[in-house]
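Here is a protein to explore together, step by step. Take a moment to turn the structure around before reading on.

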Amino acid sequence: MTIADSGTGNGGLTPGLYLVATPIGNARDITLRALDLLKVADVLAAEDTRSLRRLMELHGVALGDRPLVAYHDHNGARVRPRLLAEMAAGKSVLYASEAGTPMISDPGFDLARAAVEDGHAVTSAPGASAVVTALTLAGLPTDRFLFAGFLPNAGGPRKTALRELSASPATLVFYESPKRLVDMLESAKDVLGDREAAVCRELTKKFEETRRGPLSELAAHYRETPAKGEVVVLIGKGDSESVREFDLEQEVNKALETMSVRDAADFVSARFGVKRRPVYQMAMRLSAKGDT
């Protein structure tokens, strides 16, 4: 069920949940529709109430006596019933992410899902998104992309997650902490190969930066010049046409040192985005050669 920005609810809004995108950096990236909703919604909820209060003050939107409720990962289970009860009572509830579009690496997902399950109307007021903004700047293909959020912190699980994505025929997009950026870039190079990539940092802010190049060059740069601020990493899809048989043989031989023929074929074919059958046949041949 969806809703329009007018109706019988208090404040001129139809009862239900309104998901409102907020700026990812520059406060002027707020939409006019978002400001309209912030002015009239009965109940305001935000991942960070201080950020939303400051944004409203910058744009001259008065909170008045309306409730402003914190809703985040640590209190969602406790606060969610209250917000659902407000909707059930005929109120319009607005949820704003800390920055960007709600539901994208954001606790609003559980609230929206619960609202839908309870039969409440839900709509979204779109706006800024770090994922889409980074895609427009990276210089990598945008016709198909896969947003994978944050990778695991530890090296082993991080490489496993990257292997699972290695065969995807799409630009890969990740959020990353500046403290883990170099480790992430090096893991990506080890698993995916030295693909073209981009690091977008502090988007829409004063020190916005987009740096493009192979993963190895980006890792080397940020090892010497540590990154600061919010980071989005984009990695180009693998080009199976450019993989030489010599490179595949080297990788298969290396994989066979610790893996079975079957596992080595799975790993190498996924990493380079090539068909499994010829890699498996290569692994069989190299394994037999090693045994003689």
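Let us begin with how the chain folds back on itself. Take the contacts between residues at least 6 apart in sequence: 71% of them join residues at least 24 apart. Keep in mind as you look that this is a predicted model.

Now for the overall picture. The protein has 11 helices and 10 strands, and its C-alpha trace spans about 80 × 40 × 30 Å along the principal axes. Of its 292 residues, 46% are buried. The accessible surface comes to about 15,000 Å², and carbon and sulfur atoms account for 50% of that area.

Next, look inside. Which residues have the most contacts within the largest nonpolar core? They are F174, L181, L185, V199, V233 and I235, and the core as a whole has 23 residues. Two or more residues of this core come from each of α6 (155-165), β7 (171-176), α7 (181-192), β8 (196-201), α8 (215-224) and β10 (231-235). Among these elements, α7 gives the most, with 7 residues.

You can follow L181 to see how parts of the chain meet. Leaving out its neighbours within four places in sequence, L181 is in contact with E176, V199, Y222, A227, V231 and V233. Apart from the largest core lies another one, made of 20 residues that include A41, A46, L68 and A125.

From the cores we can move to the largest pocket, which holds about 750 Å³ of space. Its lining is made by 32 residues, and those nearest the centre of the pocket are P23, I24, E98, A99 and G100. Sorted by class, the lining has 16 nonpolar, 8 polar and 8 charged residues. Both α2 (49-58) and β10 supply at least two residues of this lining, with α2 giving the largest share, 5 residues. You have met β10 already, as one of the elements that give residues to the largest core.

Finally, let us visit a single residue, S129. You will find S129 in the loop between β5 (122-125) and α5 (130-138). Is S129 buried or exposed? S129 counts as buried because its relative accessible area is 13%, and buried means under 20%. Setting aside residues up to four places away in sequence, S129 touches I24 and T101. I24 is one of the residues nearest the centre of the largest pocket. For a sense of distance, compare S129 with T14: these two are 115 residues apart along the chain, and their C-alpha atoms are separated by 26 Å.

Definitions and conventions: Residues are numbered from 1 along each chain as its sequence is written. This is a predicted model: local features need pLDDT of at least 70, side-chain atom pairs count only at pLDDT 80 or more; totals for chains, interfaces and linings use all residues. Side-chain values use heavy atoms; hydrogens and water are left out. A nonpolar core is a set of buried Ala, Val, Leu, Ile, Met, Phe, Trp, Tyr and Cys residues joined through side-chain atoms within 4.5 Å. Buried means under 20% relative accessible area, exposed over 50%, partly exposed in between (1.4 Å probe, protein chains only). Helices (H or I, at least four residues) and strands (E, at least two) are DSSP runs, numbered from the N terminus. Contact means heavy atoms within 4.5 Å. On a 1 Å grid over the protein atoms alone, a cavity is a set of points where a 1.4 Å probe fits but cannot get out, and a pocket is an open set with protein on both sides within 12 Å along at least five of seven lines; lining residues have an atom within 4 Å of a point. Grid points are joined across faces, edges and corners, and a volume is the space filled by probe spheres set on the points. Ala, Val, Leu, Ile, Met, Phe, Trp, Tyr, Cys and Pro count as nonpolar, Asp, Glu, Lys and Arg as charged, and the others, Gly among them, as polar. Accessible areas come from the Shrake-Rupley method with a 1.4 Å probe; for residues, only the protein chains shown count as cover.
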